[in-house]
Amino acid sequence: MRIRKMVAITADPTLSTKVAKNCSQQPRVVTEEIHGLIKVYKDGHVERPQIVPCVTSNTLAPELGITSHDIVIDKFTGVWARFYVPNCSGNKLPLLVYFHGGGFCVGSAAWSCYHDFLARLAAKAGCIIMSVNYRLAPENPLPAAYDDGIKALMWVKQQATYSTRELWSSKCDFSRMFLAGDSAGANIAYNVVTRLNFSVALRGIILIQPFFGGEGRTHSEKYMVQPPHSALSLGTSDTYWRLSLPSGSSRDHPWSNPTAKGINKMEMKKLSMPIMVCVSELDILKDRNMELCNALAMSGSKVECLMSKGVGHAFQVLSKSQISQTRASEMISHIKAFINR
């Protein structure tokens, strides 16, 4: 008979604590970063520093004559919208459904810069604005933002069908509805229209510095010199696309580069409405925006192009310079004319 010796093993009670401590001290690996805006880690964690303050809807100056409030659009996804309603009586007002910018990855309908700009736009243009707070990438890559945009329009259609006691709907002329956005928000507006069926009637689209890309570089992307704190550089643009497009996609994906393979007949039909494209002279997207204008015009769309001289990307929300304020006022005047024809 073989006798086995039993060896007693005494566990070190501090061992698990030491292991946990060592694991917690290991640096987290950053896979993508846009300084000051977003940091994405290998484990999927995402950080977004509060570079722009978020404000509540009731922070507007009384002299603007605008009432603002938030409404949840979809409890399941958490999508909500901020409304801006002029305090006027009389004729009902057109509705502008708006999508904020931020490369699909940052931004909010509660950002102070959008809150101030859209309140001013609603007051000056005499329209109701519904600013949609859609889901962000990379947690929710495209087409999540497009789906949220369509959901918002379906929600509006439902409000028009069933009478509600909401202030905005009581003042809204649902037969005069426009879609608008700036930067990535303009991309969302464009792609929402091309994905819509014909159950939602739109009077026009307003694309402000629309965020599109491509594998081939345009002249303005290669040579437009940007200031140190520019809202959009070529490197920033590429990062946004990596974070937002479906995995494995290139920047020539139709959602990023709709002109790469041409605008198909179905899209042409859906885009057969007045379109206003606002372009900034010092924006790296200038040439790509002009290419889109030309492609839309060639496809038969009624395109109006506004070129803002001496300003860059997102100047209307991010710059307080005198020239930016002047150009923003000019832009608002053109938008007012566009929606009140």
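How many residues of the lining of the largest cavity are nonpolar, how many polar and how many charged?

**Exercise 1. Describe the largest cavity and its lining.**

Before starting, note that this is a predicted model, in which local features need pLDDT of at least 70, side-chain atom pairs count only at pLDDT 80 or more, and totals for chains, interfaces and linings use all residues. Residues are numbered from 1 along each chain as its sequence is written, and side-chain values use heavy atoms, with hydrogens and water left out.

Step 1. On a 1 Å grid over the protein atoms alone, a cavity is a set of points where a 1.4 Å probe fits but cannot get out; a pocket is an open set with protein on both sides within 12 Å along at least five of seven lines; lining residues have an atom within 4 Å of a point.

Step 2. The count comes to one cavity of 30 Å³ or more. The largest cavity holds about 50 Å³ of space; a volume is the space filled by probe spheres set on the points, which are joined across faces, edges and corners.

Step 3. Its lining consists of Phe212, Gly213, Ser256, Asn257, Pro258, Thr259, Arg288, Glu291 and Leu292.

Step 4. Sort them by class: Ala, Val, Leu, Ile, Met, Phe, Trp, Tyr, Cys and Pro are nonpolar, Asp, Glu, Lys and Arg are charged, and the others, Gly among them, are polar. The result is three nonpolar, four polar and two charged residues.

**Exercise 2. Describe the two largest pockets.**

Step 1. The largest pocket has about 810 Å³ of space, and the second largest pocket has about 190 Å³.

Step 2. Of the 36 residues that line the largest pocket, His229, Ser230, Ala231, Leu232 and Leu318 lie nearest its centre. The second largest pocket has 14 lining residues, with Pro254, Trp255, Asn257, Pro258 and Glu267 nearest its centre.

Step 3. Helices (H or I, at least four residues) and strands (E, at least two) are DSSP runs, numbered from the N terminus. H10 gives the largest share of the lining of the largest pocket, three residues. For the second largest pocket, the largest share is four residues, from helix H5 (residues 184-195).

Step 4. The classes are 20 nonpolar, 15 polar and one charged in the lining of the largest pocket, and five nonpolar, five polar and four charged in that of the second largest pocket.

**Exercise 3. Work out the sheet of strands S1, S2 and S3, and place helix H7.**

Step 1. The three strands form an open sheet in the order S1-S2-S3, with antiparallel pairing; two strands pair if DSSP finds at least two bridges between them.

Step 2. Strand S1 (30-34) and strand S3 (46-47) are at the edges with a single partner strand each, so one side of each has no neighbour in the sheet.

Step 3. Strand S2 (residues 38-41) is joined to S3 by two bridges. Lys39 stands opposite Glu47 in S3.

Step 4. H7 packs on the sheet and touches S1 and S2; its direction makes about 130° with that of S1. Contact means heavy atoms within 4.5 Å. Axes are lines fitted to C-alpha atoms, for helices over the stretch in contact, and angles run from 0 to 180 degrees between N-to-C directions.

Step 5. Eight of the eleven residues of H7 are buried, so the helix is largely enclosed by the rest of the structure. Buried means under 20% relative accessible area (1.4 Å probe, protein chains only), exposed over 50%, partly exposed in between. The buried residues of H7 pack against S1, S2 and H5.
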